[in-house]
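Me: Please show me the sequence and the structure, and then let us go through the model by question and answer.
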Amino acid sequence: MASNTTSTHPSGRIKFIGELGAALRAQQPLFVGLCVIAVLWQVSTYFLPRIIAPPLQEIGVAMWQIFSDYQQFVHLLTTGLRVFVALIVSFIVGSILGIAMGTFDEVSKYAKPLLHFIQGIPALSWVVFAVIWFANVELRIGFILLIVTMPAFALYIDGAVRSVNLDFVHLGQAFRANWTQRFRMITIPAIVPEVMSAWVVNLGAGVRVAMVAELIGSTTGVGFQLLNAQALFDMAGAIAWTLSLVALLSVYLGVIRFVESRLLAWRPKGERQ
Amino acid sequence: MTGPAPILFANVSKTFFKHDGTPFFACRELSFEVKAREIVAIVGETGCGKSTSFNMLLGLQKPDVGDIQVLGLDPFSESDALRGQVGIIFQSDRLLPWRTTIENISFGLEVLNIPLTQRRQTAGKWLERVGLKGFEDAYPHELSGGMRQRVSIARAFAIEPKILYADEAFTALDELTAERIRKDLLELIRETAITTLFITHSVSEAVDIAQRVLVFGRPGCLICEINCEENRAAGKSTHEIEQLIRQGLRVAHKTMSAEGAGEGVATDEVVRAEGSTSKGREPI
């Protein structure tokens, strides 16, 4: 019995290592592309002034400082936390609205044009409005992120609820499942793929908007650090902060892909992203 | 047979409207009944109201006129009271793609709020019964068409219903697979003595399964009914019974042609096929 228990662990670990290896192999083109850019960049540093194209070592040092110095790292964490919390709130509000829109035509009739109208307003305008309306920085950034990302969540989920296969809805009705049961057993699993797509789209939008909001209306976060780098003509710092933000975004995307792979394990391999 | 019929259609009419507002009669003064533990098949050409009747039986649509009763209850307004009483096998298997085989079979049991352990046990029993042991954790896309339909049969029986509806359950399968599954299903129906209503395009399938066959014509009316058991007892062969049904279908077809694609009124023509009972617009 004991030998059985111990023997399952290594095989599980091997499987995990295998999956990790496959995931890394899938990213091979990205690594190759990044290497090419790095080489080209390094070559350009021999021909261009340092202020325009700092050498890779300098960027590396700047990045090391961001990740090793807590005073700097906290700015990255702040941006990350802001995006995370705002997207969670935005997802909750967007889901409630999207489900209501997908379920009741009257809600959709009035909410949809309004959401499209909100989406039509440039993010920068919302930043200006928020700076005027809110004194509190966190509230300001939270509001901007919410107003920019929530409509996409709501519209994605509305569309997903509407496109739930009618055969499945009828199956639920034929088995006399009540509304709650149909929602739990049919609607929610059916809309998961769309929800995950909405997360991917909104994550990118959220990070970009957070950046702009911090650049204009905050004294913390990566956006503020980029503003500092600009003021000091610190190109290496600007690139380092940008790369650290990309790294943060990649971590978030990785988490989303992980959740997606678990929730959509039922899909045939060819249909998975 | 005592007590009220588990399935009763009394003068049921249902009209739909086309884009230009002209009415289209899906069912017109349709009357029939299915007695307890009886196996009845409905045959008819496309557009003769079979699916509309099926949807009304499921409570998905409400008749404009007339009365439908399933176990003495109105399936549309008293839908909740019929929970767990009716098992359904659809034309397409309608397995939920995000559920494993065992979870799909458990669907109806979950609706009935049966505890997880018990429903896994029951689903496992039915999985074995339909010959899919070992496929508990397979997703629908990992199963063949025949296996998927077997899962949907297990899902229908798992709730131990009093009535079974099957809407062209084998149409999507190849002939050999359909024949095998039909044989197994018939065995299950007989074993559980469940009241069964079958909708099918296939005359041979109807004769193979049913004790009584109802021939539908357009617009959703009963042209005639053939009692297979009585005909067999009278010495008629399966082929002869099939011929009787085909005769009824030909009359239905002529009626439809004469009335112009089902937009007219129901037929008053009396079918006088030997061994069949004319129903026309009269309730049974």
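The turns below cover the ground rules, the interface, the cores, a sheet and the domains.

Me: What kind of model is this, and how are residues and chains labelled?
Reply: Residues count from 1 along each chain as its sequence is written, with chains lettered from A and ligands numbered from 1 in written order. Local features need pLDDT of at least 70, side-chain atom pairs count only at pLDDT 80 or more, and totals for chains, interfaces and linings use all residues, since the model is predicted.

Me: Which helix of chain B gives the most to the side that touches chain A?
Reply: Contact means C-beta atoms, placed from the backbone, within 7 Å. On that basis 18 residues of chain B are in contact with 14 residues of chain A. Helices are DSSP runs of H or I with at least four residues, strands are runs of E with at least two, and both are numbered from the N terminus. With 4 residues, the one that gives the most is helix 3 (residues 107-111) of chain B.

Me: What percentage of chain B is buried?
Reply: A buried residue has 20 or more other C-beta atoms within 10 Å of its own, with C-beta atoms placed from the backbone. Chain B has 284 residues, and its secondary structure comprises 9 helices and 10 strands. The buried share is 48%.

Me: Which helix supplies the largest share of the largest nonpolar core?
Reply: A nonpolar core is a set of buried Ala, Val, Leu, Ile, Met, Phe, Trp, Tyr and Cys residues joined through C-beta atoms within 7 Å. The largest has 86 residues, and B:Val43 and B:Ile245 are among those with the most contacts inside it. Its largest share, 7 residues, comes from helix 5 (residues 145-158) of chain B.

Me: Which residue of strand 4 of chain B is the bridge partner of B:Ala10?
Reply: Strands pair if DSSP finds at least two bridges between them. The open sheet of 3 strands in chain B has the order 2-1-4, with antiparallel pairing, and its edge strands are strand 2 (23-34) and strand 4 (65-70). Strand 1 (residues 7-17) of chain B is joined to strand 4 by 5 bridges. The partner of B:Ala10 is B:Asp67.

Me: How far apart do the C-alpha centres of domain 1 and domain 2 of chain A lie?
Reply: Domain bounds come from an automatic or database domain assignment. For chain A, that assignment gives domain 1 (1-47) and domain 2 (54-271). Their C-alpha centres are separated by 27 Å.

Definitions and conventions:
Two residues are in contact if their C-beta atoms, placed from the backbone, lie within 7 Å. A residue is buried if 20 or more other C-beta atoms lie within 10 Å of its own, exposed if 12 or fewer, and partly exposed in between; C-beta atoms are placed from the backbone.
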